[in-house]
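Colleague: I am new to this structure and would like a close look at a single part of it. Could you take me through the aromatic rings, and then through a helix that belongs to the same picture?

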Amino acid sequence: MHRRTRTDSALRLGATAAALSALLMAAQAQPARPAADPISLRQAFDAAWARQPESLSLPSRRDAARAQQTAARSWTPEPAALEVSNKTDRLNRNQGARELEIGVAVPLWLPGERSRSGALAEAGAAAVESHTSAAQLGVAASVRETWWAWQRARIDADIARDHLDSTERIAADVSRRAKAGDLARADQHQADGAVAAAESALAQAQAALAAARQQLKAGTGLAAPAESATTGPVAEPEPDAGPTGETDAHAVLRELQDRAAVAERTAQLASSQSRANPELTLSGTRERGTAGEASQQSITLGLRIPFGGGPRHDTRVARARAEALDLQARLALERERLLAEREAARGRVDAARTQLAASERRARLARESRGFFDKSFRLGETDLPTRLRIEAEAADAERQAARTRIELAASISAWRQALGLLPQ
């Protein structure tokens, strides 16, 4: 090869190597992509509520409530109407008779109708807000259920992974000692069997975790990270233990109260609407008898008063009163149910706290025992079945302690749900 050709090839190779080196250094200099940020219970609730029909239709419902309030404050129950009529004899005698009438018909409020319409509009606006709060609380219950199910599955997967690591370390130690002749081949098989059982348990826990993550994503639209960035569940703040009789602030009770108020206002309005609205008419007439006569003008002032409603009016009143009585009865039953649910939730929190203390004490003792038996196993003072049993007991104790922490946090969340508090 010519010397100049060899020189050009060497230069091209050098340039290519320099470019590759620069790309490699740039890739190493780029910061690592951060892992998926953990989500909180509050974020999951906000995302779930934003997808709900009640959230999407809330602005329109508020607009309708404001429009109803504006209508109740107007001067007339219905808009005024324009009346125009024209009478002529062109189709029969055709003597030039003409009559043109133009008037306005104005509906009038019945006695007490306007004030009761305003009260119904105010009750309807309050019912829109209380219905929204009750819907939010219903969404919070669903999100809390899926959230803590995901936390339980996550903890189970973490514990199963730690147990697999421990059994693999024991199996590696057994393999080393079996090759040295300190342990029999049967011990190696037993250790490998423990590893296989731990792998199966981990696969099952990971499948349950994947299902829980999909349930959370289906309800909230958020993709939960496959690996949690926190060491443990973040519990909601424990609510203040106020008087047990104060339940009227609960969103479900407020909704029933407002619905009952709407039904009562509807019954009162229906009782005042015993007939159709009267109408005041004012019209002007321009007429002539025959062709050539001068036109005559007149003004007419009239009042139209319909008769009573009869059975139709009684039906509306009875139906509205029945609805009000039904909602009042449901309100009393719901208040008793919420009181019982609140006390039960508080009792579950106390029980979970006691259980957590016991499970943590058991986990601490199991960890200490595992350390003792691990040391004695390495010294040849403990057989492999005992070591594997101690390891399984320690893993079960760790799992129970972790699950109890989850149950305590979930019971506090359920207590807040019973009190009508949204996630935090």
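Modeller: What follows looks at the aromatic rings and then at one helix, in a model that is predicted. The structure holds 1 aromatic pair, and its partners are Trp 147 and Trp 150, whose ring centres lie 5.2 Å apart while their planes stand at 65 degrees; because planes over 60 degrees apart count as edge-to-face, this pair is edge-to-face. Both of these residues, Trp 147 and Trp 150, belong to helix α4, where 3 residues, or about one turn of the helix, separate them, and Trp 147 and Trp 150 are both buried.

Two other rings have a charge over them: Arg 114 sits over the face of Trp 75, at 5.2 Å from the ring centre, and Arg 177 sits over the face of Phe 377, at 4.7 Å from the ring centre.

Helix α4, which spans residues 113-179, also helps to cover the buried residues of α5, and the cover includes α2 (41-50) and α8 (384-419) as well. Helix α5 itself runs over residues 185-220, and its 36 residues reach 52 Å from the first C-alpha to the last, close to the 52 Å expected at 1.5 Å a residue. Among the buried residues of α5 are Ala 191, Ala 194, Val 195, Ala 198, Leu 202, Ala 205, Leu 209, Ala 212 and Leu 216, and they also include Asp 187, Gln 188 and Thr 220. After α5 comes Gly 221, with a positive phi near 80 degrees.

Conventions:
Residues numbered from 1 in each chain as written. Predicted model: local features only at pLDDT ≥ 70, side-chain atom pairs only at ≥ 80, totals over all residues. Heavy atoms only, no water. Helix = DSSP H or I, 4+ residues; strand = E, 2+ residues; numbered from the N terminus. Expected span 1.5 Å × (residues − 1). Buried < 20%, exposed > 50% of the residue type's maximum accessible area, 1.4 Å probe, protein only. Contact = heavy atoms within 4.5 Å. Phe/Tyr/Trp six-rings, centres within 6.5 Å; stacked < 30°, edge-to-face > 60°. Lys NZ or Arg CZ within 6 Å of the ring centre and 35° of its normal.
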